[in-house]
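Hello,

Here is the structure I promised to pass on to you. Have a look at it first, and my notes on its charged pairs follow below.

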Amino acid sequence: MSDLRDFERIARKVQNVGKLDVVETSGVHPFDERNIHPKIGVVSQKLFDNGHYSQSTFEAFKLLDNTVKNVARNKKESGFKLMMDAFNGTNPKIKLTQLVTQSEIDEQNGYRFIFAGSMSAIRNPRGHDILIDPIDRCLDHLSFASVLLRTLENRIAPTP
């Protein structure tokens, strides 16, 4: 069994020659370079380090989905429907702004569609299809998930 794991590790390293190896020699992990949210690191870093980039992305967006689900106290919805409900403009379960000025209302509405779109465009394809993401796309997705998770953490209500 150990031989098989060694072979897989070597094969994955060969697949990524010139990509992750360059970063590894600098002594800085790509998650640190990109300031990936620590909670995303917990669910995604091992997959990332083993070359499972699509699965690493999928787990990060599952974390985001579950976090919104918990904050919004909406256990029955997920994905696009959850985000549209949780951040809706008239009576949001999660307020990202005070919703007083038109700019604040627009920001809330914009994030509503960004959160919902991330579920449709990034999470869902990786949950339903077999995708092979390159390392750079994975890091971009993880950075984006980090921005959304931090935005959620900085919400107005319900208070964190």
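Is Glu 153 buried, partly exposed or exposed? Glu 153 counts as partly exposed, because its relative accessibility is 30%. Please keep in mind that this is a predicted model.

Glu 153 caught my eye for its partner: it forms a salt bridge with Lys 39, with 3.8 Å between the closest N and O atoms. Glu 153 belongs to helix H8 (residues 135-153) and Lys 39 to helix H4 (residues 38-49), so this pair ties together parts that lie 114 residues apart in sequence. Lys 39 is partly exposed as well, with a relative accessible area of 47%.

A search of the whole structure gave seven salt bridges, and two others may interest you.

One of them sits within a helix. Lys 62 and Glu 59 meet through their side chains at 3.2 Å, N to O. The two are three residues apart in helix H5 (residues 53-72), so about one helical turn separates them. Lys 62 is partly exposed at 30% relative accessibility, whereas Glu 59 is buried, with a relative accessible area of 17%.

The other joins Arg 126 and Asp 133, whose side chains form a salt bridge at 2.7 Å, N to O. Both partners are buried: Arg 126 has a relative accessible area of 11%, and Asp 133 comes out at 6% relative accessibility. There is a further link here, as Arg 126, Asp 133 and Arg 137 make up a network of salt bridges.

Happy browsing, and best wishes!

Key
Residues are numbered from 1 along each chain as its sequence is written. This is a predicted model: local features need pLDDT of at least 70, side-chain atom pairs count only at pLDDT 80 or more; totals for chains, interfaces and linings use all residues. Side-chain values use heavy atoms; hydrogens and water are left out. A salt bridge is a side-chain nitrogen of Lys or Arg within 4 Å of a carboxyl oxygen of Asp or Glu. Helices (H or I, at least four residues) and strands (E, at least two) are DSSP runs, numbered from the N terminus. Buried means under 20% relative accessible area, exposed over 50%, partly exposed in between (1.4 Å probe, protein chains only).
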